[in-house]
Amino acid sequence: LPDLDKPGILDIGCGSGVVTLELARLSGGGVVALDIDAAALDRLKAKAAEENVSGRITVICTSMVDMTFPAGSFDLVWTEGAIAFIGFERGLSRWRTLLVPHGYLVVHDTLAGWQKKLESARACGYAVVGRFDVSADTWWNEYYAPLKRRLEELRATNPTDPSVIAEMAATERDIGEFDIHDDRYASFFLILKKE
């Protein structure tokens with residue numbers, strides 16, 4: 001992406017806000033963080049307060065389907081993994097209206113069918129500015145292996161806490177899915193510009 005001067009950013013499907021916080025830090029702009037998980041958004045609010053960026057992050061608990069922002073509200077729309085819930089072409093089409101003229105959309109999605117996704121982006125009125133892939137190996141090394149180590153730490157320090165046990169079970173299922181279907185985890189970032 002080019003340098004954007006204090007852009008208005010929408011982070012769709014932000015979860016607990018790891019990327020939201022980074023976007024706020026890097027851009028100097030304001031970020032609207034949108035997700036349906038109220039507990040994750042509460043964690044984001046707490047982290048934003050700790051990092052003194054609360055004034056630049058607006059948290060909204062709603063579905064991406066129910067967004068009601070006026071046309072041209074954002075310089076940048078960012079989404080990692082969430083477009084699958086609405087459909088690739090549908091997301092591109094709906095979110096295009098949210099962008100200012102020549103605004104940017106960054107989409108992180110599975111690598112499967114990437115050629116068709118590029119065609120859809122162009123058909124929806126975007127220029128492809130860039131793209132880069134994230135391999136299954138990178139997913140393992142950067143996300144799942146550290147998660148597995150954290151799981152082992154939790155198991156050693158909190159073996160009887162019911163909330164920790166539930167979190168550990170969910171994490172084990174997630175890691176198990178990767179072990180079985182690691183070929184599904186290759187992904188790519190697509191950087192698009194509204195034409």
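Student: Which residues of helix α1 (residues 18–27) are buried?

Tutor: Happy to help, and keep in mind that this is a predicted model. Buried here means under 20% relative accessible area. In α1, the residues that are buried are Thr 20, Leu 21, Leu 23, Ala 24 and Ser 27.

Student: Within what arc do the buried residues of α1 fall, seen down its axis?

Tutor: Start with a general idea: an α-helix has 3.6 residues a turn, so residues three or four places apart point the same way. The buried residues of α1 line one face of the helix, while Val 18 and Leu 26, on the other side, are exposed. Seen down the axis, the buried residues lie within an arc of 160°.

Student: What covers the buried residues of α1?

Tutor: Both strands and a helix take part. The cover includes the strands β1 (8–12), β2 (30–35), β3 (57–61) and β4 (74–80), and also the helix α2 (38–50).

Student: Are α1 and α2 roughly parallel or roughly antiparallel to each other?

Tutor: Good one! Their axes are 10 Å apart and the packing angle is about 30°. Angles under 35 degrees count as roughly parallel. Therefore α1 and α2 are roughly parallel.

Student: Which residues make the contact of α1 and α2?

Tutor: By class, this contact has 4 nonpolar, 1 polar and 1 charged residues. From α1 come Val 18, Thr 20 and Leu 21, and from α2 come Leu 44, Lys 47 and Ala 48.

Student: Is Gly 125 buried or exposed?

Tutor: Gly 125 sits in the loop between α4 (114–123) and β6 (126–134). Its relative accessible area is 16%, and under 20% counts as buried. So Gly 125 is buried.

How values were computed
Residues numbered from 1 in each chain as written. Predicted model: local features only at pLDDT ≥ 70, side-chain atom pairs only at ≥ 80, totals over all residues. Heavy atoms only, no water. Buried < 20%, exposed > 50% of the residue type's maximum accessible area, 1.4 Å probe, protein only. Helix = DSSP H or I, 4+ residues; strand = E, 2+ residues; numbered from the N terminus. Arc of directions from axis to C-beta. Contact = heavy atoms within 4.5 Å. Axes fitted to C-alpha atoms, helices over the stretch in contact; angles between N-to-C directions. Parallel < 35°, antiparallel > 145°, perpendicular 65-115°, else oblique. Nonpolar A, V, L, I, M, F, W, Y, C, P; charged D, E, K, R; others polar.
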